[in-house]
Amino acid sequence: MTEQIFKDEAEMQAWLSKQLGENDDSLLELIINFEDFQSVSSDEMTEKKIIESFKICLESLETSEVLTENENISLSSKDVLRPDFVLYAPATESIIIIELKNFVQPSRQAGTEVSAYANEIKTYIPFISDGDIVNIIISPVWSTLLCHYIFHEIFWQQRNILCLEPVLNEDGIKLRIVDYKLF
């Protein structure tokens with residue numbers, strides 16, 4: 001059982017919002033195993049694809065600008081599509097969608113929510129490719145259903161997804177790249 005760091009997603013969102021503000025919107029500053037991950041490689045085809053996806057996403061995290069935080073991005077007034085964060089990464093000209101999950105039960109929804117948000121963003125920017133959208137899921141728990149969804153999206157759909165988990169270390173709460181072999 002993973003140690004619960006946040007009591008709910010609202011607390012997780014408030015923490016990440018504060019961290020993004022203090023770190024000039026750089027998520028990279030929060031990832032404790034970023035440098036170690038740069039040297040990760042595999043000869044196995046599926047692992048290689050997951051590693052590639054994670055690394056593509058990491059390229060967009062050095063500098064970014066928060067566009068929305070927990071705001072409805074739906075074009076339809078009848079619908080509610082509320083990603084936790086949408087950022088813009090000028091270095092890679094990418095849109096970053098961040099979905100936070102704090103409990104096992106809703107974590108299975110993270111994948112479908114990220115896909116819905118990405119599709120809605122495509123209605124605003126019709127010619128944006130999937131390669132220009134970076135999806136980040138931050139969760140302390142990685143259910144089998146969510147892991148299978150992420151694998152499918154990365155391997156078969158060629159989507160860019162990075163999976164992070166909150167951890168406690170000597171500097172407080174940080175993020176860690178989830179072991180790619182989990183997927």
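**Lys-49, helix H3 and the six-stranded sheet**

Lys-49 is buried, with a relative accessible area of 17%, a value that falls under the 20% below which a residue is counted as buried. The structure described here is a predicted model, and within this model Lys-49 is found in helix H3, which comprises residues 45-59. The side chain of Lys-49 makes a polar contact with the side chain of Gln-158, at 3.1 Å. When neighbours within four places in sequence are left aside, Gln-158 is joined by Ile-154 and Phe-155 as residues in contact with Lys-49.

Helix H3 itself has 15 residues and reaches 21 Å from its first C-alpha to its last, close to the 21 Å expected at 1.5 Å a residue. Lys-49 is one of several buried residues in H3, the others being Ile-50, Ile-51, Ser-53, Phe-54, Cys-57 and Leu-58. The buried residues of H3 pack against two helices, H2 (34-38) and H6 (144-155), and against three strands, namely S4 (133-138), S5 (160-169) and S6 (172-177).

The strands touched by H3 belong to an open sheet of six strands, arranged in the order S1-S2-S3-S4-S5-S6 and with mixed pairing. Strand S1 (65-69) and strand S6 stand at the edges of the sheet, and each has a single partner strand, so that one side of each is left without a neighbour in the sheet. From one strand to the next, the twist averages 25°. Within the sheet, strand S3 (residues 94-100) and strand S4 pair in the parallel sense over six bridges, and Leu-100 has Ile-138 in S4 as its bridge partner.

Helices H3 and H5 both pack on this sheet. Helix H3 touches S4, S5 and S6, and the direction of H3 makes about 75° with that of S5. Helix H5 (residues 110-124) touches strand S2 (85-89), S3 and S4, and the direction of H5 makes about 150° with that of S3. Strand S4 is thus touched by H3 as well as by H5.

Helix H6, against which buried residues of H3 pack, also meets H5, and the axes of H5 and H6 come within 9 Å and cross at roughly 35°. In this contact, Ala-110, Gly-111, Thr-112 and Ser-115 in H5 meet Leu-146, Tyr-149 and Glu-153 in H6. By class, the residues in the contact of H5 with H6 are three nonpolar, three polar and one charged.

Methods
Residues are numbered from 1 along each chain as its sequence is written. This is a predicted model: local features need pLDDT of at least 70, side-chain atom pairs count only at pLDDT 80 or more; totals for chains, interfaces and linings use all residues. Side-chain values use heavy atoms; hydrogens and water are left out. Helices (H or I, at least four residues) and strands (E, at least two) are DSSP runs, numbered from the N terminus. Buried means under 20% relative accessible area, exposed over 50%, partly exposed in between (1.4 Å probe, protein chains only). A polar contact is a pair of N or O atoms within 3.5 Å; within protein, one must be able to donate a hydrogen and the other to accept it, and residues adjacent in sequence count only if both atoms are side-chain atoms. Contact means heavy atoms within 4.5 Å. The expected span of a helix is 1.5 Å times one less than its number of residues. Two strands pair if DSSP finds at least two bridges between them. Axes are lines fitted to C-alpha atoms, for helices over the stretch in contact, and angles run from 0 to 180 degrees between N-to-C directions. Ala, Val, Leu, Ile, Met, Phe, Trp, Tyr, Cys and Pro count as nonpolar, Asp, Glu, Lys and Arg as charged, and the others, Gly among them, as polar.
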